[in-house]
Amino acid sequence: MKRIIIHVLYFVFTYCCFSNTVSAAENETISFPSIDGLQITADTYIEHADKKAPFIVLFHQAHWSRGEYLEIAPKLNQLGFNCMAVDLRSGKEINGVSNETMLRAKAIGKGTTYVDALPDLEAALKHARNHYAQGKVIAWGSSYSAALVIKIAGDRPNLVDGALAFAPGEYFKRFGKLGTWVQDSAKKIKIPSFITSARNEKNAWSDIFDAIPSKSKASYLPDTKGNHGSRALWNRFEDSDGYWKAVTGFLEKNFKN
């Protein structure tokens with residue numbers, strides 16, 4: 001009888017201690033609906049069992065897919081972050097990974113422009129918060145999705161606690177948006193924000209960065225040529241260490257307990 005009581009007490013203790021956790025190494029390909037019902041594909045990189053661990057939602061650049069983060073996400077895990085890399089409907093393929101969300105959108109006649117992808121970012125951030133994260137949720141974008149991350153950070157502050165934008169810009173005039181569409185949203189950002197790019201791309205985002213009123217904003221520009229988008233962090237590029245140092249410093253300052 002005493003042994004049974006001990007086992008019961010141990011079960012209760014274990015449940016109470018770990019009810020706010022998820023299984024570590026929960027790395028899998030998932031799908032969930034966008035705002036308009038289109039199924040979105042994403043890869044989860046969950047290495048930290050505590051749901052209160054900060055969570056980064058990763059978005060790719062034009063013509064690419066969630067494969068942009070095959071190398072990056074595991075390194076973010078090592079820094080203490082859980083992640084989810086998302087296929088947006090505007091994209092194609094990179095690193096041998098096809099954009100499944102785009103393929104579905106085309107198959108049913110939905111638009112696949114940069115602007116059409118905005119609901120996918122919103123849906124992914126909501127999905128992360130509802131299913132994986134009880135702590136801070138951070139949006140991370142590359143090229144056109146970097147600009148959309150800034151839009152969301154300014155317009156939908158309830159969705160994100162931080163933003164990282166790799167080579168954002170006013171990419172949307174050809175889709176009928178104002179030339180200050182992103183900058184106008186940046187003026188409302190109050191959360192920690194980080195912007196970087198290749199060296200010759202600063203003019204594309206300097207006005208956006210200057211418009212951000214947050215006191216917790218930071219930027220990085222390499223002394224070298226650098227690279228466009230999140231691929232600046234890939235090991236194949238000799239100057240990736242500089243980007244990683246800047247990113248790590250920003251993340252540790254604002255999102256690590």
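Which residues have the most contacts inside the largest nonpolar core? They are Val-57, Phe-59, Met-84, Val-86 and Leu-125, in a core of 48 residues. The model is a predicted one. The protein has 257 residues, of which 54% count as buried, and its secondary structure comprises 8 helices and 10 strands.

**Cores**
- Helix H5, residues 144-155, gives the most to the largest core, supplying 8 residues.
- A separate core of 29 residues lies apart from the largest one and includes Ala-73, Phe-81, Phe-250 and Phe-255.
- Beyond its neighbours within four places in sequence, Met-84 is in contact with residues including Ile-30, Phe-32, Phe-55, Val-57, Ala-124 and His-127.

**Sheet**
- An open sheet of 8 strands follows the order S1-S2-S4-S3-S7-S8-S9-S10, with mixed pairing.
- Strands S1 (29-33) and S10 (217-220) stand at the edges with a single partner strand each, so one side of each has no neighbour in the sheet.
- On average, neighbouring strands of this sheet are turned by 20° against each other, direction ignored.
- Strand S9 (residues 193-196) runs parallel to S10 and is joined to it by 4 bridges; Ser-193 stands opposite Lys-217 in S10.

**Helices across the sheet**
- H5 lies across S3, S7, S8 and S9, and runs at about 145° to S7.
- Helix H8 (residues 240-255) lies across S3, S7, S8, S9 and S10, at about 170° to S8.

**Whole protein**
- Among contacts with a separation of 6 or more, 72% are between residues 24 or more positions apart.
- The protein exposes about 12,000 Å², and carbon and sulfur atoms supply 52% of that area.

Definitions and conventions: Residues are numbered from 1 along each chain as its sequence is written. This is a predicted model: local features need pLDDT of at least 70, side-chain atom pairs count only at pLDDT 80 or more; totals for chains, interfaces and linings use all residues. Side-chain values use heavy atoms; hydrogens and water are left out. A nonpolar core is a set of buried Ala, Val, Leu, Ile, Met, Phe, Trp, Tyr and Cys residues joined through side-chain atoms within 4.5 Å. Buried means under 20% relative accessible area, exposed over 50%, partly exposed in between (1.4 Å probe, protein chains only). Helices (H or I, at least four residues) and strands (E, at least two) are DSSP runs, numbered from the N terminus. Contact means heavy atoms within 4.5 Å. Accessible areas come from the Shrake-Rupley method with a 1.4 Å probe; for residues, only the protein chains shown count as cover. Two strands pair if DSSP finds at least two bridges between them. Axes are lines fitted to C-alpha atoms, for helices over the stretch in contact, and angles run from 0 to 180 degrees between N-to-C directions.
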